[in-house]
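The following note sets out numbered points for a colleague reading the structure. Each point may be checked against the coordinates.

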Amino acid sequence: MQTPESLDMQFNNMEELKAALSAGENIIYETNSPEETHQLGLTLGRLSNPGQVYTLVGDLGVGKTVFTQGFAAGLGVIGPVNSPTFTIVQVYEEGRMPFYHFDVYRIGDVEEMEEIGYEDMFYGEGACLIEWANLIEEILPDSYVEITIEKDLEKGFEYRKITIAVK
């Protein structure tokens with residue numbers, strides 16, 4: 001488990017994170033501020049390749065948007081990045097590849113994903129990050145990276161445990 005003291009070293013050693021992901025290893029990070037959570041997202045965004053799908057799991061208020069903002073910055077997206085709660089997907093095309101940010105929290109049926117053309121995004125030339133992906137598990141690709149963010153108030157208000165797992 002990564003400690004706050006080792007975060008800077010880990011975030012700067014992208015090759016190590018890339019190798020762990022390629023090997024299918026689960027990686028657990030602990031962050032103690034929104035800035036650290038953002039930085040981890042930034043690092044993962046920098047490592048992202050076209051066609052990769054990431055799922056983002058966590059309760060309301062755990063920092064999914066902060067992580068996503070860092071991820072988008074790692075892709076070269078400039079400007080505000082907010083959760084597309086009512087539009088299901090927000091497309092950002094100004095980075096080094098298209099970024100498809102989904103929030104399926106309010107989705108009524110998986111058919112709504114078909115209506116927006118999710119397959120073109122999941123299997124296209126961009127990176128997808130899907131909040132609340134557990135609600136659409138039946139249409140997720142066979143391979144994706146699951147990012148789980150958890151709070152533990154006993155360790156502090158800003159503490160987050162972030163697990164990155166290849167599925």
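1. Tyr123 counts as exposed because its relative accessibility is 53%, and the cut-off for that class is over 50%. The residue sits in the loop between helix H6 (118–122) and strand S5. With residues up to four places away in sequence left aside, Tyr123 touches Ile139 and Pro141. Its C-alpha is also 8.0 Å from that of Gln52, although the two residues are 71 apart in sequence.

2. The model is a predicted one, and its confidence should be read alongside each point. The mean pLDDT of the protein chain is 89, with 92% of the residues at 70 or more. Residues 1–10 have pLDDT below 50; in the model this stretch makes 16 contacts beyond near neighbours in sequence.

3. How many aromatic pairs does a search of the whole structure find? The search returns seven. One of them joins Tyr92 and Phe99 in a stacked arrangement, with 5.7 Å from centre to centre and 20 degrees between the planes. Both Tyr92 and Phe99 are buried. Ring pairs also link these two residues with Tyr54 and Phe71 into a cluster.

4. Tyr105 and Trp132 form a tilted pair, because their ring centres are 4.6 Å apart and their planes stand at 50 degrees. Tyr105 belongs to the loop between strand S4 (99–103) and helix H5 (111–115), and Trp132 to the loop between S5 and S6, so the pair ties together parts that are 27 residues apart in sequence.

5. Are the two partners of this tilted pair, Tyr105 and Trp132, buried or exposed? Tyr105 counts as partly exposed, since its relative accessibility is 36%. Trp132 has a relative accessibility of 14% and therefore counts as buried; the cut-off for buried is under 20%.

6. Tyr105 also takes part in a nonpolar surface patch with Leu60 and Leu135, and the three residues together have about 290 Å² of accessible area. Leu135 is found in the loop between strand S5 (127–131) and strand S6 (145–151), the loop that also holds Trp132. With a relative accessible area of 38%, Leu135 is partly exposed.

Notes:
Residues are numbered from 1 along each chain as its sequence is written. This is a predicted model: local features need pLDDT of at least 70, side-chain atom pairs count only at pLDDT 80 or more; totals for chains, interfaces and linings use all residues. Side-chain values use heavy atoms; hydrogens and water are left out. Patches are made of residues with over 30% relative accessible area and no salt bridge: like charges are joined within 9 Å, nonpolar side chains (Val, Leu, Ile, Met, Phe, Trp, Tyr) within 5 Å. Accessible areas come from the Shrake-Rupley method with a 1.4 Å probe; for residues, only the protein chains shown count as cover. A salt bridge is a side-chain nitrogen of Lys or Arg within 4 Å of a carboxyl oxygen of Asp or Glu. Helices (H or I, at least four residues) and strands (E, at least two) are DSSP runs, numbered from the N terminus. Buried means under 20% relative accessible area, exposed over 50%, partly exposed in between (1.4 Å probe, protein chains only). pLDDT is the predictor's confidence in each residue, from 0 to 100. Contact means heavy atoms within 4.5 Å. Rings of Phe, Tyr and Trp (its six-membered ring) pair if their centres lie within 6.5 Å; planes under 30 degrees apart count as stacked, over 60 as edge-to-face and the rest as tilted.
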